[in-house]
Amino acid sequence: MTQQDISCGLEYSLTPDIQECVSEALQANYSFIVTPLIHPRFRRPYLPHRIPAGGFTRSDMILSPQDWTNRIVARVSPYLTVDAPSPVVQKRHEYYLHEELLYCRGLGVPAVMISLHSKHNTNLARILQTYQETSNFPTLIWTCVPMFCKRTLRNSEDLEDNKCDVAYNETWYWWSRFHQNMNWDKRVGVVLEISADLPSNDIIKRWLGEPVKAIILPTHIFHNNKKGYPVLSRAHQQLVVSMVERDAQVIVSGARRSNIEYYLQYLFRLWQRRPADTPMFSFARGWEDYLQTPLQPLADNLDTHTYNVFEKDPIKYNQYQNAIVKALADLQKKNSCQHTLDKESLITNIKIEKGQGDSESDAKTPVTVMVLGAGRGPLVRATLNAAEMTNTEVKIIAVEKNPGAVVVLAAQVRELWCDRDVTVVPGDMRYMNLSPKADIIVSELLGSWADNELSPECLDGATCLLKPNGISIPCKYTSYVNPISSSRLWAAAKIACLGDSQKMEKNLETLWVVYMQNKHDIAECREVFKFSHPAEGIKNSEGETMLDYRGLPLTDNRRKTTVSWEVTQDNVMHGFAGYFDCELYGDEMLSIVPSTHSPGMISWFPVFIPIKTPLRIHKGDKIKATFWRCVDSRRVWYEWIVEVNDNATVLHNPNGRSSEMLL
């Protein structure tokens, strides 16, 4: 790791010589400084109709434009309270705030830091929204809040744990209400001032779901080690690493208890010593919280770059290979028993259903394996490996509808598999009638929410390719959801098509594939939809299985599920995280559910299922969500609605108006 992986700033309570302060910070390898624009003890006259004589702060020419736009975070005077109960104070402070914001706009600073002092911030939000709307320069608003409210703690009669939690929760309410008033604007983030004593893990995890732009580390929370260098407690170390992993910057603030370089050097070493990245984190680096439209491989042909990404997974195809090994082994046992029975029948001259051939010739009959949706052949390779491992003769039929992938498969048959029994059949698996029928069908048609790439429809349509009592890999899969808080993901979905209100509405009725990092799980995962293959046909009123025009069991892949959770902590719900797990064969599994995630697997990111209006929830509330999987002759779509106590959202995506999967 390089030092650039962690960005650190240095806060100055005042800067008599701002040039010297910038030079000092840069020489110590800090990336930026936080400084007040106005001297903290300077009180300007209230002159709303004329410019104060001599101005109210220093000239901007003392620094270069590059320094202002890259090295300075401007802190607005912290004493300004534009939501003060006194109308006189409110008007005066509104004028001062407007004056400072205009100066920040003129300087072109990248971020403006404001401070919250209470839960009353409606007027502040109004002023800042106006500032953002009228500004052509993309200035970020950094909202500084302490980790706990001293006033609440001081007013408590005792220091029991629950009283402390109230004090720690109070400042989260300040920020949450303010961000709600700002309509969860993506340009507005929080700067959290870390306290010497930390709250419970539940409160810290909730902050991890907020858009924390920076954390302030006061020098008084450091203590000196035996060599005299500043260090943090283990709990603070974990907090800093968790925040920096979510793109938070670090600001060192307060009295100089050591050389300022020592704080930075310690933070760099702390970042370098963090636990090694998981394979998924390394693979997803640079894609954190980036929304992507789910693939539709049935309607669209995937390109070579997409295939290349999928085939890099070190775990998925190994799991498939293990499942095929077990399936071939079970077929060998089954055939061995059948051959024994056939031999006994021949000895007694009883004609068997398979004809008069002897058991020795039957034993040489290859196992037919159909790879449905073969792509560029990774499952074909897994099947060939499994056949060698079990010493089984196999006949492989690779079915693929993508013309580009068929070219690659045909080339591999000629060049790599010329001595193996591999046949490529181009076309859609749903409309084929091939012979011989398959003993095993293998497919990888699952999406991030299991069935969202239409695996049920594809495999049900291919049922005629499988022998009675044949094996399907995978055989079962289940989708899951849990409610989450993530204003970053919600805001990203909302502004994906900024300026078009209709598209913004559609974005909040669409599933998004995303590697979620800046989110907080409000509750645990619950099962939603289940599918199994070969699927059972629906039955009529007399209990008989209904058949389609091909004589195959008629299946119904429509679903409706209601799931519920009890809230254990006050929060704001922005939507759901969606996952799945899959039973390949026997005990071979694939899972992206956090609690059972297949170690090292990188093939699937979760899905984010937004709700149009974020819901404020409280401890003890009950969240009830209903999901529908709807199907017609040409498409599949999801609908969902959420209820919290007596409040309910609108129905999302009715009749698939915003998102659908084409058959």
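**Entry 1: Cavities**

I take a cavity to be a set of grid points where a 1.4 Å probe fits but cannot get out, and I count as lining residues those with an atom within 4 Å of a point. I note at the outset that the model I examined is predicted.

I searched the whole structure and found two cavities of 30 Å³ or more.

I looked up the second largest cavity, whose lining consists of Ile18, Thr35, Pro36, Leu37, Thr57, Arg58, Trp68 and Tyr103. I recorded about 50 Å³ of space for this cavity. Sorted by class, its lining residues comprise five nonpolar, two polar and one charged.

I then turned to the largest cavity, which holds about 60 Å³ of space. Its lining is made up of Ile441, Leu459, Asp460, Ala462, Thr463, Leu466, Ser472, His533, Pro534 and Ala535. I asked which elements give two or more residues to this lining. They are helix 16 (455-461) and strand 15 (466-473). By class, I noted six nonpolar, three polar and one charged residues in the lining of the largest cavity.

**Entry 2: The five-stranded sheet**

Strand 15 led me to an open sheet of five strands, in which I read the order 13-12-11-14-15 with parallel pairing. Strand 13 and strand 15 are the edge strands, each pairing on one side only. I noted that neighbouring strands in this sheet are turned by 25° against each other on average, with direction ignored.

**Entry 3: Pairing at the two edges**

At one edge, I found strand 14 (residues 438-443) joined to strand 15 by four bridges, the two running parallel. I looked up Val442 and found Ile473 as its bridge partner in strand 15.

At the other edge, strand 12 (residues 394-400) and strand 13 (residues 422-426) run parallel and are joined by five bridges. What stands opposite Ile397 in strand 13? I found Thr423 there. I followed the chain from strand 12 through helix 15 (residues 403-415) to strand 13 and recorded this β-α-β crossover as right-handed.

**Entry 4: Helices on the sheet**

I returned to the sheet, with its strand order 13-12-11-14-15, to examine the helices packed on it. Helix 14 (residues 378-390) packs on the sheet and touches strand 11 (367-372), strand 12, strand 13 and strand 14. I noted about 170° between the direction of helix 14 and that of strand 12. Helix 15 also packs on the sheet, where I found contacts with strand 12 and strand 13. The direction of helix 15 makes about 160° with that of strand 13.

Notes. Residues are numbered from 1 along each chain as its sequence is written. This is a predicted model: local features need pLDDT of at least 70, side-chain atom pairs count only at pLDDT 80 or more; totals for chains, interfaces and linings use all residues. Side-chain values use heavy atoms; hydrogens and water are left out. Two strands pair if DSSP finds at least two bridges between them. A crossover is right-handed if, with the strands pointing away from the viewer, the path from the first strand over the helix to the second runs clockwise. On a 1 Å grid over the protein atoms alone, a cavity is a set of points where a 1.4 Å probe fits but cannot get out, and a pocket is an open set with protein on both sides within 12 Å along at least five of seven lines; lining residues have an atom within 4 Å of a point. Grid points are joined across faces, edges and corners, and a volume is the space filled by probe spheres set on the points. Ala, Val, Leu, Ile, Met, Phe, Trp, Tyr, Cys and Pro count as nonpolar, Asp, Glu, Lys and Arg as charged, and the others, Gly among them, as polar. Axes are lines fitted to C-alpha atoms, for helices over the stretch in contact, and angles run from 0 to 180 degrees between N-to-C directions. Contact means heavy atoms within 4.5 Å.
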